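Me: I am new to this structure, and I would like to learn how to read its pockets and its aromatic contacts. Could you take me through them step by step?

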Amino acid sequence: MRIIELGNFTLFNKIRSGSNRSDTEISNHEALGISSEERGIHILWMYPDVLSMHGGRGDAMALLHFSNLMKLPCTIRRINKLTDEIPFDWADMILFPSGDLSIMEDLCKALMPKREEFKKFAKNGKVILAIGSTGALLAEKVSYLEGGSFKGLGLLGMIMKQRKNVFGDDLWISTPEGKDILGTQIQLADVRLRDEQEAFGKVVYGRGNNGKGAEGARKNNVIFTHLLGPVLTKNPIFTQEILKISAEKAGLNPDDYSINEKNIELELAALEDCKEFVQTKMK
């Protein structure tokens, strides 16, 4: 396994699908001036050459960037091929970036033998984040417009149905904890939640799951959202939240790691600009 120490984003930007599909770990230990042996948090970046739509690489970069600002040791491991082993015991978080709906059936079939391991990972309170159409992996069932369906891992109580037309617009949600999260939505499938399944957030502006006010789904720390942007780049406070959860699961004290808001003034100002723009459409 090739290990790349990240002191700046120059090396990160060189990590493309041209890396010969070799397993690669990217860490910030050198940037933080600490030993590579220090535990920190471990994140699995799932199938980056396939789940590569709508800024998926940017979300991985955001996890590392905001970890740097938090002084939180972080190692991200790429899982490149469907035949690769998934080191569940090693990881504290699993990131599934957005991918095309057309490939989700094959991904689900490949991952189904590992369903119990995913369920155990989720039961232990570790973070699983799926973005955009990749939410199909966490759904109970996905139905095609022309008929036919396939099963997801069933980690969330939701059913997805392919849309006749693609929907796209800005999306602004408020989480139950009162956090505003903004991004964009490019939706290829409507989502219906089971009665017992909580949404990730309430729609302030946009369509969300099916135009009825709910957006995404969350059960403990298993999260699905339509928010693109990339969502983790645009929303540092939310990103900090899931990094803190991962730190706790890694045996660290999450209270020791926080972002100084002076270091994210640009991101917060951009978020306010986005809110102002969306508010003009709400009027």
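Reply: What follows goes through a pocket, then ring pairs, then charges over rings, and please keep in mind that this is a predicted model.

Me: How is empty space found, and how much space lies in the largest pocket?

Reply: Rolling a probe the size of a water molecule over the atoms shows where empty space is left. Here the largest pocket holds about 160 Å³ of space.

Me: Which elements supply at least two residues of its lining?

Reply: Strand β10 (180–193) and the helices α7 (236–249) and α8 (265–282) each do so, and α8 gives the largest share, with four residues. The lining includes D180, I237 and L268, and by class it comprises six nonpolar, one polar and four charged residues.

Me: How should I read the geometry of a ring pair such as F88 and F118?

Reply: Planes over 60 degrees apart count as edge-to-face, and since the planes of F88 and F118 stand at 90 degrees, with ring centres 4.9 Å apart, this pair is edge-to-face. F88 belongs to the loop between β4 (74–79) and β5 (93–96) while F118 belongs to helix α5 (residues 115–123), so the pair ties together parts 30 residues apart in sequence. Both F88 and F118 are buried, and they form one aromatic cluster with F96 and F121. Y144 and F150 make a tilted pair, with 5.6 Å between centres and 45 degrees between planes, and both of these residues are buried.

Me: Where does the charged end of R77 sit?

Reply: The charged end of R77 sits over the ring of W90, at 4.1 Å from its centre, and R207 lies over the face of F167, 5.8 Å from the ring centre.

Conventions:
Residues are numbered from 1 along each chain as its sequence is written. This is a predicted model: local features need pLDDT of at least 70, side-chain atom pairs count only at pLDDT 80 or more; totals for chains, interfaces and linings use all residues. Side-chain values use heavy atoms; hydrogens and water are left out. On a 1 Å grid over the protein atoms alone, a cavity is a set of points where a 1.4 Å probe fits but cannot get out, and a pocket is an open set with protein on both sides within 12 Å along at least five of seven lines; lining residues have an atom within 4 Å of a point. Grid points are joined across faces, edges and corners, and a volume is the space filled by probe spheres set on the points. Ala, Val, Leu, Ile, Met, Phe, Trp, Tyr, Cys and Pro count as nonpolar, Asp, Glu, Lys and Arg as charged, and the others, Gly among them, as polar. Rings of Phe, Tyr and Trp (its six-membered ring) pair if their centres lie within 6.5 Å; planes under 30 degrees apart count as stacked, over 60 as edge-to-face and the rest as tilted. Buried means under 20% relative accessible area, exposed over 50%, partly exposed in between (1.4 Å probe, protein chains only). A charge sits over a ring if NZ of Lys or CZ of Arg is within 6 Å of the ring centre and within 35 degrees of the ring normal.
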